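Me: I have a model here that I would like to understand better. Please pick out one part of it, take a close look, and walk me through how that part relates to its surroundings.

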Amino acid sequence: MKNPSDIDTITRQLTEILLKKQHDYGPLNIARAPGGAMNGLRVRMYDKLARLNNLIDKGNTPNYESIEDTLIDMANYAIIGLLVQRGQWEGVDIGYRYRDW
């Protein structure tokens with residue numbers, strides 16, 4: 001990294017986007033995902049990773065969502081996952097923890 005303060009800039013941007021999207025979607029799209037919150041996040045993150053792989057492997061210019069947008073979404077899904085694991089996501093029980101099924 002060239003400048004450690006860039007991390008602060010990015011995390012502020014992530015927070016701003018996460019809060020805006022959470023306002024639009026609400027927390028229950030995660031909390032009530034089929035198979036549970038962590039499964040819903042896993043599916044969303046898998047889709048984003050598949051998109052990222054496709055864009056990088058094919059070198060295509062995206063029609064809608066840029067590689068940066070995809071990375072931002074993946075980072076925010078990871079943050080939501082941490083909030084779910086810590087019982088800090090609305091609609092998810094405080095004692096929720098991912099278990100091997």
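Reply: Start on the outside of helix H3: the face turned away from its buried side carries Tyr46, Asp57 and Lys58, which are exposed. Here exposed means over 50% relative accessible area, buried means under 20%, and partly exposed lies in between, with a 1.4 Å probe and protein chains only. Helices are DSSP runs of H or I with at least four residues, strands are runs of E with at least two, and both are numbered from the N terminus. Please keep in mind that this is a predicted model, in which local features need pLDDT of at least 70 and side-chain atom pairs count only at pLDDT 80 or more, while totals for chains, interfaces and linings use all residues. Residues are numbered from 1 along each chain as its sequence is written, and side-chain values use heavy atoms, leaving out hydrogens and water.

Now turn to the other side of H3. Ala37, Gly40, Leu41, Lys48, Leu52 and Leu55 are its buried residues. Viewed down the helix axis they fall within an arc of 105°, so they line one face of H3; the arc is taken from the directions that run from the helix axis to the C-beta atoms. Helix H2 (28-31) and helix H4 (67-85) are among what covers these buried residues.

The length of H3 makes a neat check. Its 22 residues, 37-58, should span 32 Å at 1.5 Å a residue, and the end C-alpha atoms are 32 Å apart, which agrees. The expected span is 1.5 Å times one less than the number of residues. Just after H3 comes Gly59, with a positive phi near 65°.

Two of the buried residues of H3, Ala37 and Leu41, belong to the largest nonpolar core, whose 10 residues also include Leu18, Ile30, Ala31, Tyr77, Ile80, Val84, Trp89 and Val92. Such a core is a set of buried Ala, Val, Leu, Ile, Met, Phe, Trp, Tyr and Cys residues joined through side-chain atoms within 4.5 Å. H2, H3 and H4 each supply at least two residues of this core, and H4 gives the largest share, with 3. In soluble globular proteins, nonpolar side chains tend to be buried together. Ala31 shows how parts of this core meet: apart from neighbours within four places in sequence, Ala31 is in contact (heavy atoms within 4.5 Å) with Ala37, Trp89, Glu90, Gly91 and Val92.

What does Lys48, buried in H3, pair with? One partner is Glu65, in a salt bridge whose closest N and O atoms are 2.9 Å apart. A salt bridge requires a side-chain nitrogen of Lys or Arg within 4 Å of a carboxyl oxygen of Asp or Glu. This pair links distant parts of the chain, since Lys48 is in H3 and Glu65 in the loop between H3 and H4, 17 residues apart. Lys48 and Glu65 are both buried. Lys48 also meets Asp73 in a salt bridge, at 2.8 Å from N to O. Here Lys48 lies in H3 and Asp73 in H4, so the pair ties together parts that are 25 residues apart in sequence.

Asp73 deserves a look of its own. At 9% relative accessibility, Asp73 counts as buried. Leaving aside neighbours within four places in sequence, the residues in contact with Asp73 are Lys21, Lys48 and Glu65. Lys21 forms a salt bridge with Asp73 as well, the closest N and O atoms being 2.9 Å apart; that pair joins helix H1 to H4 across 52 residues. Unlike Asp73, Lys21 is partly exposed, with a relative accessible area of 38%. Together, Lys21, Lys48, Arg51, Glu65 and Asp73 are linked in a network of salt bridges. The salt bridges counted by this rule come to 5.

Finally, some context for H3. The chain has 4 helices and 0 strands, and its C-alpha trace spans about 40 × 30 × 25 Å along the principal axes. Of its 101 residues, 27% are buried. Among contacts between residues at least 6 apart in sequence, 55% join residues at least 24 apart.
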